[in-house]
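Visitor: I would like to learn how to read a model like this one. Could you walk me through it?

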Amino acid sequence: MTDGGTATAVGLHRVLDPPGVLPQAARRLDTDPRIRPDEVRIGVERLNLDAASYRQLHTAHAGDPDAIRAEVLRIIGERGKMHNPVTGSGGMLVGVVEEAGPQSPLGLRPGDRVATLVSLTLTPLTVTDGLARWDGLSEQVPARGHAILFARSIAAVLPDDLPVPLALAVMDVCGAPALTHRVVSAQKGAPSVAVLGAAGKSGCLSLAAARRAGASRVIGLVPTAGEEQRLAAAGLADAVVRADARDPVAVAEAIGEPVDVTVVCVDVPGCEHGAILATAPGGTVVFFSMATSFPAAALGAEGLAADVTMLIGNGYVPGHARTALELVRSDPAVRALFTSRTGADSAE
C-alpha cells in the first residue's frame with residue numbers, strides 16, 4: 001500500500017484487526033498521532049454520541065453516569081474509535097486542527113475549529129482526560145484527545161455565528177434534512193410528508209426541510225404529550241400526532257391517510273413496519289436512524305405487499321452541513337427545539 005493511494009485515502013492502513021477491512025468494519029484502529037501526508041490530526045474538544053448509541057448506553061447502565069462514562073472509555077480504549085458494539089453506531093466530534101498533511105484534500109489548516117462529518121465508528125480516536133468533565137447525562141461529551149481524518153473523510157469549519165454545542169448538534173444530523181429535501185423535491189406535485197420522531201434533532205430539521213421543498217402537508221409524529229405540545233407550539237408541522245412509533249397500527253391510525261413520503265428519525269428499534277404502513281403505494285420511506293433493521297424493513301414491506309421505495313439515509317448529501325445550518329439560522333422554531341435538547345450552553 002502506498003501513500004496517496006486508494007488504500008491510504010480510505011484509511012485501510014489504520015486497521016489493526018481484522019486486516020483487509022475498511023475502518024468502519026474494523027474491530028480496532030491504529031490511533032498513532034503521527035500522520036501520513038494525506039491525513040489530518042484533530043485535537044478533540046467535544047464528542048457527540050449518536051442518539052441510538054447513547055440511549056442504549058443509558059438503558060444498559062440504568063442511567064448511572066459513572067457506568068456510562070466507564071463504558072464509553074472502555075469502547076474507545078479497546079477499539080481505537082467510538083463504535084458502540086450493540087448499536088453499531090458512533091457519532092461525530094468537534095476539535096481544532098493540530099496538523100494537516102501536505103497532500104490532504106480537505107482544505108483544513110492548523111487552528112481551524114471543525115466538526116467531523118464522518119462517523120466516529122471509522123475515526124481513529126484517543127481520549128486522554130478520562131472524560132472527567134462529562135456528567136454522563138447527555139449525548140455531548142467534553143473531551144480531550146486526538147482524532148485522525150483520512151483523505152476521504154469529511155469535515156466542516158464551524159461557523160462563527162453559532163455556539164459550538166449547537167453547531168455540533170446540527171452537524172451531527174445534517175444529512176437528514178438534506179436528504180429529505182432531495183426526496184421531497186423529486187416527488188411529482190406537492191407531496192404529503194410524515195416525520196416519525198419529529199420533535200428530535202433530525203426530525204425537526206426534516207420537517208422544516210420538507211416544507212421548504214414544497215410539501216403540501218407535513219405531519220409530525222411524537223411519542224409523548226410533552227413533545228406533542230412543544231412541536232405544536234413550534235408550528236413546524238401542519239398536524240402533530242402522538243403514537244408509539246414501534247406500534248405499526250397505532251402509527252398508521254395516527255397518520256390517517258397514507259402519505260407520499262415518510263421520514264423515520266426515531267432512535268429506537270422496531271419502527272420499520274409503522275413507517276411502511278403509513279406510506280402510500282408508490283411512496284418513499286427514508287430510514288434516517290441507526291436503529292433501523294434492514295431485514296425488518298425489507299421483509300416487512302414484502303409481508304405487507306407494500307409497493308414503497310425504501311432509502312437508507314447514509315448521512316452524506318453534498319452541501320448537507322450548509323443546508324442544515326441555514327435552517328437553524330433562518331427558523332427560530334427549529335433553533336428553539338435544538339436549544340431545548342442540547343442544553344443551556346447552546347443558547348449562549
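Visitor: Let me start with one helix: is helix H4 (residues 164-172) mostly covered or mostly uncovered?

Guide: Happy to help, and please keep in mind that this is a predicted model. An α-helix has 3.6 residues a turn, so residues three or four places apart point the same way. In this case, H4 is mostly covered, with seven of its nine residues buried. The buried ones are Pro165, Leu166, Ala167, Leu168, Ala169, Val170 and Met171.

Visitor: And how should I read the strands? Which strand pairs with E3 (residues 40-49), and in which sense?

Guide: In a regular strand the side chains alternate between the two faces of the sheet. Here, E3 pairs with strand E4 (residues 91-100) in the antiparallel sense, over nine bridges. Within that pairing, look for Gly43, which stands opposite Val96 in E4.

Visitor: How many bridges join E4 to E5 (residues 113-116)?

Guide: Three bridges join them, and these two strands also run antiparallel. Val94 stands opposite Ala115 in E5.

Visitor: Now the whole chain, please. How many helices and strands does the protein have?

Guide: There are 12 helices and 14 strands. The radius of gyration is 20 Å, close to the 20 Å that the globule rule gives for 348 residues, so the protein is as compact as a globular protein of that length. Of those 348 residues, 53% count as buried.

Visitor: What can the contacts tell me?

Guide: Take the contacts between residues at least 6 apart in sequence: 69% of them join residues at least 24 apart.

Visitor: And what about charge?

Guide: The protein has 30 positive and 37 negative side chains, and the centres of the two sets lie 3 Å apart.

Conventions. Residues numbered from 1 in each chain as written. Predicted model: local features only at pLDDT ≥ 70, side-chain atom pairs only at ≥ 80, totals over all residues. Heavy atoms only, no water. Helix = DSSP H or I, 4+ residues; strand = E, 2+ residues; numbered from the N terminus. Rg over C-alpha atoms; globule rule 2.2 N^0.38 Å. Buried < 20%, exposed > 50% of the residue type's maximum accessible area, 1.4 Å probe, protein only. Contact = heavy atoms within 4.5 Å. Lys, Arg positive; Asp, Glu negative; His and termini not counted. Charge placed at Lys NZ, Arg CZ, Asp CG, Glu CD. Pairing = 2+ DSSP bridges.
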